[in-house]
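I opened my notebook to keep a short record of what I looked up, and in which order.

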Amino acid sequence: MTPTLQIFLVVSAALFSTGLLAALSRRHAIFILIGIEMMLAAANLNFIAFWRFSPQPQPPTGVMIAIFSIAIAAAEAAVGLALVIAVYRHYRTTNVDHLDQLKG
Amino acid sequence: MSRWIIDHLWLVPAVPFVASLAILSLPNKQHKGAAVLAVAGQIVALVLSIFAFLPTLQVSGFRAVQNFTWFTFGDHALRLGWVLDPLAAVMLLMITLVGLCIFIFSTGYMSGDRNFVRFFAYLSFFSGAMLGLVISNSLLLLFMCWELVGLASYLLIGFWIERPSAAAAAKKAFITTRIGDMGFFLGLLWLYARSGTLLFYDGGNGCLESAGLAMLGASAASIALLIFCGAVGKSGQFPLHVWLPDAMEGPTPVSALIHAATMVAAGVFLVARVYPIFSFGAIDGVTASLTVVVWIGVTTALMAALIAIAQDDIKRILAYSTVSQLGLMMVSLGVGGVAAGMMHLLAHGFFKALLFLGAGSVIHGCHHEQDIRKMGGLRRLMPVTFLTYAIGMMALSGVPLFFSGGWTKEEVLHVTAHWPVSRLPYYFLLAGVVLTALYMTRQIIYVFFGDRRTASQHAQESPSVMTVPLIVLASCAILFSIVLTPAWPWLHDYLTDGAAHFEIARLIQPALLLSLALVAAGIGLGIWMYRRAGIPDRLRPADTDPLEFAQPQLFRFLQNKMWIDELYSRTVVAFSWMSARLSDWMDRHFWDRLVRGFGALGQLFGAFTASVDERGINAGVDETTLGTRGLGRLVSAAHSGQIQTYLSVIAIGALALLLFYAWLA
């Protein structure tokens with residue numbers, strides 16, 4: 001079976017939905033972070049897929065963008081983790097249901 | 001030199017004014033500084049007056065004026081100025097010399113007073129105001145100084161403000177003279193309306209010069225009478241004389257100043273100054289206004305002399321004698337003897353200051369007792385005071401030959417005798433001469449002769465700071481007569497622009513014998529009547545006046561000042577009280593209601609606008625804010641703080657957008 005764009009998009013959509021579900025349902029901040037990473041990965045996958053099945057798939061261009069994106073995602077994850085630790089130190093919890101001080 | 005003093009004549013009144021201000025800025029304890037400043041100011045003024053006097057001697061009929069523009073309004077310029085002529089020059093000399101004696105005397109007399117500093121400030125102010133008055137070349141400037149003199153007299157008569165009688169006397173003096181000043185002011189306005197200038201001498205255009213007088217026309221008599229009202233008030237003429245005896249409530253040096261140099265002299269001086277208005281259109285030296293002056297003067301002279309006989313207060317007797325003498329001066333002016341009147345004013349200034357200071361010395365010695373019935377026998381205890389007082393008494397009584405008052409009185413009688421209208425004033429004045437000699441003899445006998453009574457038991461002579469001014473003034477009262485005698489009538493000719501010639505033959509005149517006889521009669525009658533005063537008689541108690549014993553009703557009538565005060569309080573004062581009550585009632589029940597009605601209207605309008613505000617505008621604003629607040633509450637509820645809720649909203653939104661685009665496609 002020859003891989004087609006549709007298969008990639010379905011896998012990507014599934015990945016994104018899983019990530020979204022995790023981000024919405026989990027109460028632990030780290031898991032929400034993991035969900036966000038999954039959604040990011042789904043976006044990267046879409047990007048690569050669209051490049052690969054574009055009319056002129058030149059070797060470095062799409063991959064380069066994806067690699068940049070992953071690097072930025074790593075930095076973002078580091079910042080996110082640091083925030084989680086700071087929040088934990090302050091509130092002694094990582095349950096996002098309790099972190100509601102900014103409510104109106 | 002003479003040019004300089006004419007240009008700087010304003011310095012004469014300015015120096016005492018400045019001294020007064022300087023004294024006022026001294027601390028209350030600085031007695032010495034105040035006395036030194038006041039006396040120094042007076043000495044400077046005296047020296048300047050002498051400088052001012054010198055040029056008037058050189059030319060007969062000397063007159064120098066210095067006018068300046070005070071301010072301009074429209075095309076009118078209001079001009080003031082000062083004038084130096086014989087009239088002003090002799091007044092300056094007399095005021096500063098007498099003033100200096102009084103100032104020095106006061107440093108002794110007032111030495112124990114708490115408000116010593118204030119006293120000298122007022123005294124300097126008084127002197128300055130009077131000096132300004134005599135050099136004024138403008139009726140307006142004269143009026144201003146006139147009012148300043150009035151103010152100073154008010155402050156000084158009420159100097160012992162803690163005494164209710166002093167406060168009342170000060171008010172009485174101020175208000176009574178104000179009545180006269182009202183007339184004066186009207187006359188001033190009328191004069192200005194007619195002649196367009198208030199300058200006396202202005203190179204031919206002044207209101208006392210022929211061109212200005214011609215513009216007055218028939219209204220000159222009315223203007224003169226209105227101005228005379230002011231003189232009546234200031235110089236204590238009937239019917240406005242009532243304030244002058246009450247003014248005795250002030251310290252004695254103040255009485256001396258008021259009666260001799262400053263206050264009362266102002267009225268006589270005023271008439272002498274504006275005499276051309278009085279005599280304008282005179283036929284044989286008689287005008288309607290001058291006739292009024294004569295009769296007022298005669299009434300005053302005789303009435304006051306009668307009242308003086310029955311007074312017991314040493315200063316009150318002198319006060320009434322002043323009133324009487326001022327009447328005499330007015331008669332003299334009225335019958336045309338301006339020079340005689342002014343001469344008597346000057347001579348009177350010296351001997352009346354002497355008498356008042358002598359009385360002050362007596363009062364000081366008797367521990368502030370003023371009732372002559374409680375004195376007696378002071379002749380031996382206070383020899384200097386006695387001698388000087390006796391000289392003053394002789395001068396006032398008009399003893400001829402040696403005393404200045406005798407000569408000037410002679411002069412006045414002489415001009416009065418030749419008044420074409422009536423001989424009556426002459427006879428009344430002759431009666432006045434007898435009465436004057438009588439009451440002065442009575443006073444001298446009570447105070448200085450006989451046995452010592454209660455107040456004079458421990459009397460002693462005053463210190464030299466008080467007796468030296470007495471001696472100076474007594475010398476003046478005698479030596480002044482050198483320039484007054486008919487043999488060498490220097491002062492008379494100086495004032496009337498003539499040249500005096502010495503002629504011994506004129507010294508003895510028949511009139512002199514008549515006058516001598518009258519004075520002798522007065523003094524003799526006095527001695528005969530009062531020789532046993534204060535000594536219990538077979539029939540008469542010791543404290544009863546011989547006249548009171550002989551004529552109780554007459555005595556009571558005179559003692560109560562002919563009931564004039566009572567008459568005034570029943571009529572004028574009662575009327576003013578009634579009108580005050582009426583005004584008060586009108587104020588309370590009419591005007592007040594009117595005002596309150598307007599107030600209520602305002603309140604009503606206020607209530608209306610308040611309700612509009614409350615119900616209309618406020619309610620709208622309230623609704624808007626409430627709505628905004630509710631909306632805010634609603635929106636803030638959505639902001640739950642739950643990030644997962646936010647996220648799901650975003651996700652649902654994104655999904656909805658996706659479905660929307662899918663549907664579009």
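The entries below go from confidence to backbone and then to the contact between chains.

I first noted that this is a predicted model, in which local features need pLDDT of at least 70, side-chain atom pairs count only at pLDDT 80 or more, and totals for chains, interfaces and linings use all residues. Residues are numbered from 1 along each chain as its sequence is written, while chains are lettered from A and ligands numbered from 1 in the order in which they are written.

I looked up the confidence of chain A, given as pLDDT (the predictor's confidence in each residue, from 0 to 100), and found a mean of 88, with 98% of the residues at 70 or more.

I then turned to Arg92(A), which sits in the segment after α3 of chain A (helices, H or I, of at least four residues and strands, E, of at least two are DSSP runs, numbered from the N terminus). Its phi is near 60°, a positive value in a residue other than glycine, whereas most residues other than glycine have a negative phi. Arg92(A) is exposed, with 8 other C-beta atoms within 10 Å (exposed means 12 or fewer, buried 20 or more, and partly exposed in between, with C-beta atoms placed from the backbone).

In chain B I found a cis peptide bond between Phe238(B) and Pro239(B), with omega about 5°; Pro239(B) lies in the loop between α9 (220-234) and α10 (243-246) of chain B.

Last, I checked where the chains meet: 12 residues of chain B are in contact with 10 residues of chain A (C-beta atoms, placed from the backbone, within 7 Å). On the side of chain B that touches chain A, α28(B) gives the most, with 5 residues.

Key: Contact = placed C-beta atoms within 7 Å.
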